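Let's walk through this one together, from the whole chain down to its core. Have a look at the sequence and the model first.

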Amino acid sequence: MPNTIAAAIEGVDINLIDNEAGNTSRLTIGLDETAAEAALNEFVTAYNSVLGTIDELTAFDAEAGVAGPLLGDSLVRDLQSSLRRELSSALDLENATFTVLAEIGITTTLDGRLEIDSTQAAEAISADFDAVGLLFADESDGIAVRIDALLGRALDDTGTFVLREERLSGRLEDLEDQRAELDARMERVE
């Protein structure tokens, strides 16, 4: 049964296995470039998934004459535009190695989706691992930080989508009340 050292290095558990007395072992902790590349691919996939969902909700099928439930909704258009703007905005940090996604191999296609050049992404990660992380996670200006703030303003309990839902629910209740009044009036007239 191995002994584990969990508090020596933050985020790292070291499992000690059998070793003969007098023998030394070397522990090397390195950057996990493969995991970083996977995280970039997951980011691209997640963003494209969001755009796919928006496309479904705002689509119009001309043959069937069926519109998506959010076709023409200004909040959805604004959110989509804001997401694109955040992705294309440069990181505003002095001496930043990478300031835009294109510098690490993530570009936007004509339809607004993201695509990743795996070779360029791997080269960027190898060249400056921390700078790639900073591009996404800088506390004040990282892309992921800005997107999280944007989505928070839209989707939180007091966000624009919740406020819109509450306003529409209130309007629906008003319409139901008006309908009940109209039905009562019609009965009296009858």
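How far apart are the mean positions of the positive and negative charges of the chain? They sit 13 Å apart, with 13 positive and 40 negative charges going into the two means. Lys and Arg count as positive and Asp and Glu as negative, leaving out His and the chain ends, and each charge is placed at NZ of Lys, CZ of Arg, CG of Asp or CD of Glu.

A word on what you're looking at: this is a predicted model, where local features need pLDDT of at least 70 and side-chain atom pairs count only at pLDDT 80 or more, while totals for chains, interfaces and linings use all residues. Residues are numbered from 1 along each chain as its sequence is written, and side-chain values use heavy atoms, without hydrogens and water.

Now the overall form. The C-alpha atoms fill a box of roughly 105 × 45 × 35 Å along the principal axes. The radius of gyration (over C-alpha atoms) is 26 Å, whereas a compact globule of 190 residues would come out near 16 Å, going by 2.2 Å times the number of residues to the power 0.38. Just 24% of the 190 residues are buried, that is, under 20% relative accessible area with a 1.4 Å probe, protein chains only.

As for the core, the largest nonpolar one has 26 residues; such a core is a set of buried Ala, Val, Leu, Ile, Met, Phe, Trp, Tyr and Cys residues joined through side-chain atoms within 4.5 Å. Helix α1 (33-57) gives the largest share, six residues. F43, L101, I104 and F136 touch the most other members.

Key: Buried means under 20% relative accessible area, exposed over 50%, partly exposed in between (1.4 Å probe, protein chains only). Helices (H or I, at least four residues) and strands (E, at least two) are DSSP runs, numbered from the N terminus.
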